[in-house]
Amino acid sequence: MTAAAAARSILTRLHEVMAARSHAQAKLNQVVEIIGESLSSEVCSIYLLREGMLELFATRGLNQSAVHVTRLGVGEGLTGTIAQNIETLNLDEAATHPEFQYRPETGEEKFHSFAGVPIVRRARSVGVLTVQHVEPRRYEEVEIEALQTVAMVLAELIHNAGLVDDEALGERSEAQSGQQTIEGLQLVKGLAMGQAVFHQPRVQIEQTVAEDTEAERQRVFLAFDKMREQIDSMTGQAEFGVGGEHEQVLETYKMFAYDEGWARRINEAIDSGLTAEAAIERVQQRTRMRMREISDPLLADRMHDLEDLANRLIRIVSGQLGTAASAGLRGDAVLIAKNLGPAELLEYDRRRLKAVVLEEGSLTAHVVIVARAMGVPVIGRLRNLRGLVREGDTLLVDGDAATLTLRPQPSVEEAFEARLARSREKRAAYAKLRDVEPVSRDGKRITIMMNAGLREDVATVAVAGGDGIGLFRTEFQFLVSPVLPARERQTRLYREVLEAAGSKPVIFRTVDVGGDKSLPYLSSEASNNDENPAMGWRALRLSLERDGLLKVQARALLEAAAGKDLHVMFPMVSEPWEFLEAREVFEGQLAFLKKQKHSLPQSIRYGVMLEVPALAEMLDELLPQISFISIGTNDLTQFLFAADRANPLLAARYDWLSPSIMRFLARVVETVSRHGETTGHNVDLGVCGEMGGRRLEALALIGLGITRLSITPAAIGPIKELVRQVDTREIGEAMRGWLASPPANLRQALSDWARGHDIEIE
Ligand code: PEP
Ligand code: MG
């Protein structure tokens with residue numbers, strides 16, 4: 001008999017038992033009879049974990065008086081060893097195993113051979129199923145396979161009957177209990193507390209025994225097809241690539257997705273009588289058991305990928321495709337994911353989403369920028385996060401220290417709550433700085449603007465107390481929309497933003513999509529196969545080619561700004577002609593509106609983002625054409641260092657405060673100001689990258705002579721406070737010294753200097 005046939009004949013009989021309306025204990029008693037008979041074993045027993053001990057729940061062949069009396073610790077005896085290691089034992093002579101323990105009340109001395117398999121639920125042992133024989137012979141491989149399949153069905157029966165209390169019965173692995181603090185990479189500062197919510201919830205398998213095997217085979221076949229399609233279309237999709245290393249991961253995914261062996265094993269499990277979901281899980285369990293024996297970190301990583309893929313397959317097959325966002329957050333939540341795209345994050349309810357913790361992630365990935373804009377703390381690079389946390393665990397997120405505390409003890413939680421209260425007070429104090437002018441000690445007025453892009457930001461403009469919006473990322477509207485936003489919708493948003501800003505300027509950046517901000521409705525062959533999306537077909541490159549997109553946006557902006565001042569900024573300009581061409585698109589629309597006698601903006605000022613280093617070499621050509629420049633340090637630094645801003649492996653490698661970046665910026669400042677002095681045409685220069693919102697980095701930028709910063713709204717208070725503590729001449733002089741002969745560690749030198757000048761940098 002094959003393993004499948006052996007399991008199947010047992011499962012058919014078990015199916016009837018499980019469907020019957022009898023009591024759980026009666027069902028277990030029947031189960032041990034069925035298995036014992038089918039495997040011609042004198043003994044069959046079921047041990048279940050209760051209050052941390054493995055208790056004999058049902059037996060055929062051992063003394064009935066031992067039922068609910070014999071109890072073993074996890075790790076104790078053969079049964080305890082199976083549960084602890086989640087491993088199968090198959091012995092011709094039980095007594096020769098070093099862990100063997102003799103329990104006289106069971107009367108098991110007459111049985112020689114022994115086999116046992118763990119009963120596993122969600123990758124954790126909840127019990128053990130054993131068979132014993134008088135005759136000393138090992139069980140056949142097919143019999144062991146059948147036992148394992150049966151154990152899986154038993155796990156369902158036990159759970160449904162409420163025989164194992166999920167909390168007490170070791171549902172948690174050792175790694176998932178007790179307080180624990182893990183350290184990651186700081187992505188967005190801030191404190192938060194909430195319940196763990198998995199972005200991709202684990203599917204609960206409702207039914208393990210199949211009614212119709214052929215139908216189950218068909219379901220898996222279709223699910224494989226769909227999964228392969230998904231994996232194929234992920235190639236080149238930046239949203240997936242945010243994690244860096246993505247090519248390697250993708251390759252592994254592909255390898256697994258097309259692995260005939262995997263598909264075959266799942267089909268064999270279906271043949272043994274399991275449903276499609278249970279079969280996938282069954283194969284996954286077997287793989288987990290095998291992998292546990294190999295301690296190779298590289299393989300462990302790959303195992304992680306396979307888990308990911310198996311979960312995806314189960315989600316597809318069961319039709320439970322939604323993320324936690326579609327189910328809705330019920331309370332204060334800390335979202336857990338391997339990685340997220342910006343659009344995925346935006347689907348969450350902002351009132352309930354308190355923090356995000358990622359296994360990957362990097363400082364300038366757009367998902368992180370969006371989180372920062374939402375005021376949601378983020379910690380990245382938390383290894384094995386999903387293995388350590390369980391849905392619903394209380395989590396304390398300390399985005400300042402980049403630590404995550406799981407399942408805190410009450411005293412720790414109380415202390416954290418006190419810190420949360422203090423930080424709220426501090427924020428209130430910053431809010432009081434709203435009307436305070438950011439004037440330095442030597443009387444220099446620094447312009448502090450905010451970065452925005454979400455509809456909700458409109459409400460923040462007034463309260464943030466900045467000098468306007470220095471970067472409005474128009475693509476956010478495109479990212480949250482399932483289809484290309486119509487012109488009217490764009491106009492409405494821009495108008496609302498301008499109204500909210502009142503007399504303060506708003507710099508609208510035309511769409512910067514592509515890179516890690518991919519739009520499904522705007523994908524093309526070219527972008528899908530972009531091996532390096534950050535340097536690929538994105539931003540202005542895409543807009544100029546698809547100029548319909550830019551024309552529509554130009555019209556929307558021109559109409560929205562009727563009677564007002566319009567500031568338009570183009571992203572990723574690499575050569576002056578790109579700017580000229582983009583401006584041409586706007587001028588064309590302006591001429592059209594003029595002809596139609598529409599009311600027009602009072603003034604239009606054009607500017608560029610300086611984020612591609614090549615443009616810095618062409619400033620003499622470009623400056624006469626433009627009104628302002630904003631340095632996008634997020635992209636600029638990735639290109640200067642040739643270090644993908646979304647690659648977590650590089651996230652902490654290069655410092656924004658490196659002499660190379662500082663020297664580069666100093667040259668730009670110098671070129672722009674010399675141009676103003678010699679021609680009388682003053683081009684307004686500012687920085688709108690994330691670094692401007694950090695105190696030490698802002699201090700350095702002011703030292704370089706930057707007088708306009710556009711930053712995340714939450715940083716406005718702290719940066720205003722910083723400006724008021726600084727003498728710009730003093731930091732300017734110090735900076736010139738460091739740039740002439742760079743210290744070993746510029747960050748260190750700068751913070752020592754700040755401390756010596758009574759400037760708070762934290
Ligand atoms: C930048 O690159 O620094 C920037 C501000 O733009 P974004 O982060 O949207 O690419
Ligand atoms: Mg950029």
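How many cavities of 30 Å³ or more does a search of the whole structure find? In this predicted model, the search finds 4 such cavities, and the two described below are the largest, with a volume of about 80 Å³, and the second largest, with a volume of about 60 Å³. A magnesium ion (ligand 2) is also present, coordinated by Glu611 and Asp635, and both of these residues appear among those closest to the centre of the largest cavity.

**Largest cavity**
- The largest cavity, at about 80 Å³, is lined by 14 residues, of which Arg473, Arg509, Glu611, Asn634 and Asp635 are the closest to its centre.
- Strand β16 (469-473) and helix α25 (633-641) each supply at least two residues of this lining, which divides into 3 nonpolar, 4 polar and 7 charged residues.

**Magnesium site**
- The magnesium ion (ligand 2) is coordinated through OE of Glu611 and OD of Asp635, at 2.0 to 2.1 Å.
- These two residues link distant parts of the chain, since Glu611 sits in the loop between β19 (603-610) and α23 (613-616) whereas Asp635 belongs to helix α25, 24 residues apart.
- Glu611 and Asp635 are both buried.

**Second largest cavity**
- The second largest cavity, with a volume of about 60 Å³, has a lining that includes Ile369, Ala373, Asn451, Ala452, Asp457, Phe476, Glu690 and Thr712.
- Arg473 also lines the second largest cavity, and Arg473 is one of the residues closest to the centre of the largest cavity.
- Helix α13 (366-374) and strand β15 (447-452) each contribute at least two lining residues here, and the lining as a whole divides into 4 nonpolar, 3 polar and 3 charged residues.

Definitions and conventions. Residues numbered from 1 in each chain as written. Chains lettered and ligands numbered in written order. Predicted model: local features only at pLDDT ≥ 70, side-chain atom pairs only at ≥ 80, totals over all residues. Heavy atoms only, no water. 1 Å grid on protein atoms, 1.4 Å probe; cavity = no way out; pocket = protein on both sides within 12 Å on 5 of 7 lines; lining within 4 Å. Points joined across faces, edges and corners; volume = space filled by probe spheres on them. Helix = DSSP H or I, 4+ residues; strand = E, 2+ residues; numbered from the N terminus. Nonpolar A, V, L, I, M, F, W, Y, C, P; charged D, E, K, R; others polar. Donors = N, O, S within 2.8 Å, 3.2 Å for Na, K, Ca; no water. Buried < 20%, exposed > 50% of the residue type's maximum accessible area, 1.4 Å probe, protein only.
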